[in-house]
Amino acid sequence: MTSATTGSARARARRAPWRAVGAGHAFVAGYVILLVAFGLVPVGYGIYFAFTNADNYFAGFSNFVQSAKDFRYVPALEHIGVYLVIWLIALVVLVTGLALVLHQLPVRRLGGLVRFFYYIPGALAGAASVLVWLFMLDPTVSPASSFLHLLGYGTFGQVIAPGHLAVLFAMIAFWTGAGGWIVVMYGALNNIPHDIMEAARIDGAGAWRIARYIQIPMLRKWIVYMVILAFATGAQLFVEPQLVSEASMGVAGRDYSPNQLAYDFAFQNNNVNYAAAISVELLVVSLVVAAIFVTRSRFFDAN
Amino acid sequence: MRTDAVAPAAVGGRAVPPRPRRRPRPSRAAGQVLPGLLLLVFVVFFVLPVVWLLLAATKSDAQLVQDNPLSFGSWHQLRVNWDELTGFQGNVILLWLRNSAVYAFVALAITLVVSIPAGYAMAMMEFRGRRALLVMTLVVMLMPATTLVVPLFLEINEVHLVGTLWSVVLPFSFYPFGVYLTYIYFSTALPRDLLAAARIDGCSEFGAFRRIALPLAAPIIALVGFFSFVANWTNFFLPYVMLPQSGQYPAQVGIALLLTDVPQFNPTAGAGTVLRPELALATLLAIGPVLLVFLFAQRFLVSGLLAGATKE
């Protein structure tokens, strides 16, 4: 279908070559200006600063080498690595599991309500989610305080001990983001042809076997999509550690994640070149991930 | 639909002798109860913090500690918290909310004006560079918004716009995901024959867009508007970096500032401190508009029609 439509568009372009061409460019002009100004130029700027020194001379890779030698650099990478592993595993297992269970629910109405409940925390994305969770993790006011006491934590400081941070950040991210993904997975489950499921049932497959051999394989491209986007977003972690560091009585450092380190280089240490070097590294990660996905997955058929 | 899922197996079970691989099910009840329990546990996980937040705003700090976490305080205390909160730095909370609204809506307006024609042209017209633009849009769309914040700061700083409205609004209004959604919408919803007929009748490209595409565009305008508004309103990092003065903060950055004035979270907080219920109320106010939009959009949010349309 896509090739046919492209074909007819081509034919039209041949009939009225420059009228259509000029009009097309006029329609996208505003967007292209924004794309250049706030997509391409900042990338260029980041690269420029990353490869020059404070006197604007070419500096080779020295900003990358020097920023990597900073005592905060390797710990930041380790933190983000542990965080990503926990967050991605939780996301894949729980989102897929919950979507499958929701899809089994006999009462449709109820399913819609449950999905909406799961989606609500999305409204608290950003700083709000962190503030809410600071309360949730403070045993003096938390509705889960008996649970926290059960785990042996009596004070806020004990709950947000440095060793717990990766799990806590993953939990906050899961709380705000998982609902949207559950809705997406649910939609994808609805798109599985009914007769395939029916055939499996007639052959005596139970819910577990259907999930294992039909639903999960057919969800696979969505799971991959989710993991890739979540990986790219998770690598940029900023607001959670930033706010926790402001609220933790100094337990969590200001330089938990690479993005925080870039921020501190730029705004605390006045070294925009080191900041740009870290930004470029993060940019390369996102860009490579996005490019592989767009070109390899056939997910977006850019006809 | 789901209910008939059980029927064929049951019928088959009665007609044919029981198959060896289907064990008798003492766990029939467990099979129903366990998934329900799992769903319920997660309902509590997702909803309880929101419910707690709503209730916390109606209590005093002492009640927050002593009373049942899920008890209602009083309307009077809510009023007291409101007065205390709005008293903080001379009603700065309302200024923050106003700032959030200005940033979110100005950026939303620019996003719509720019994205709808662009997505339409990429779907329905042929022009040089179209494919490259599409691929670039996809790649940028998959990059998290936070990636470019520090480089954007360097750029905006160079043109001396840091600390202005535009340092936040212009980067917000660049919203490739909106262009992609529009592209998908017109590719699938608008028959090309309709446009061809209009062109044959002498309609200009702009006329065809205005008379045919725009009247059909209401759903996609709503969808792009929804995602753009939520993304703008909840963005923290960009305004945090771009806006130096607290009077310019949007609510998201404002509540983070309030946090540093809560003594329980920051012992160095000096005079003019903020109590925890006031912080809870401020958080509620800061998320209120998005929560309202969610409630109105409830039906389409959970329909699953959006498979593929959600970007986190």
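**A walk through a two-chain helical model**

In chain A, which has 303 residues, 44% of the residues are buried. The structure is a predicted model, and every value given here was computed from it. The secondary structure of chain A consists of 14 helices and zero strands, so that reading from the N terminus the elements follow one another as α-α-α-α-α-α-α-α-α-α-α-α-α-α. When the contacts in chain A with a separation of 6 or more are counted, 68% of them join residues that are 24 or more positions apart.

We can turn next to the interior. The largest nonpolar core contains 177 residues, and those with the most contacts inside it are A:Ile182, A:Met185 and B:Ile255. Helix α9 of chain A, covering residues 165–190, supplies the largest share of this core, with 18 residues. Where does the core lie with respect to the domains of chain A? Because domain 1 (2–62) and domain 2 (73–254) of chain A both give residues to the core, it lies between them. As a general background, nonpolar side chains in soluble globular proteins tend to be buried together.

One residue of this core can be followed in closer detail. If its neighbours within four places in sequence are left aside, A:Ile182 is in contact with A:Val95, A:Leu98, A:Ala99, A:Leu102, A:Arg115 and A:Tyr118.

The two chains also touch each other, and this contact takes 98 residues from chain A and 96 residues from chain B. On the side of chain A that touches chain B, helix α2 (residues 17–50) gives the most, with 19 residues. What kinds of residue make up that side of chain A? The residues there divide into 68 nonpolar, 24 polar and six charged.

Finally, two asparagines deserve a look for their backbone angles. A:Asn270 has a phi near 50°, a positive value in a residue other than glycine, and its place is in the loop between α13 (258–267) and α14 (272–296) of chain A. Is A:Asn270 buried or exposed? A:Asn270 counts as exposed, because it has 10 C-beta neighbours inside 10 Å, and a residue is called exposed if that number is 12 or fewer.

In chain B, B:Asn91 has a positive phi of about 65° although it is not a glycine, and it lies in the loop between α4 (75–87) and α5 (92–124) of that chain. With 11 other C-beta atoms within 10 Å, B:Asn91 is exposed.

Technical notes
Residues numbered from 1 in each chain as written. Chains lettered and ligands numbered in written order. Predicted model: local features only at pLDDT ≥ 70, side-chain atom pairs only at ≥ 80, totals over all residues. Core = buried A, V, L, I, M, F, W, Y, C linked by C-beta atoms within 7 Å. Buried ≥ 20, exposed ≤ 12 C-beta atoms within 10 Å, placed from the backbone. Helix = DSSP H or I, 4+ residues; strand = E, 2+ residues; numbered from the N terminus. Domains from an automatic or database assignment. Contact = placed C-beta atoms within 7 Å. Nonpolar A, V, L, I, M, F, W, Y, C, P; charged D, E, K, R; others polar.
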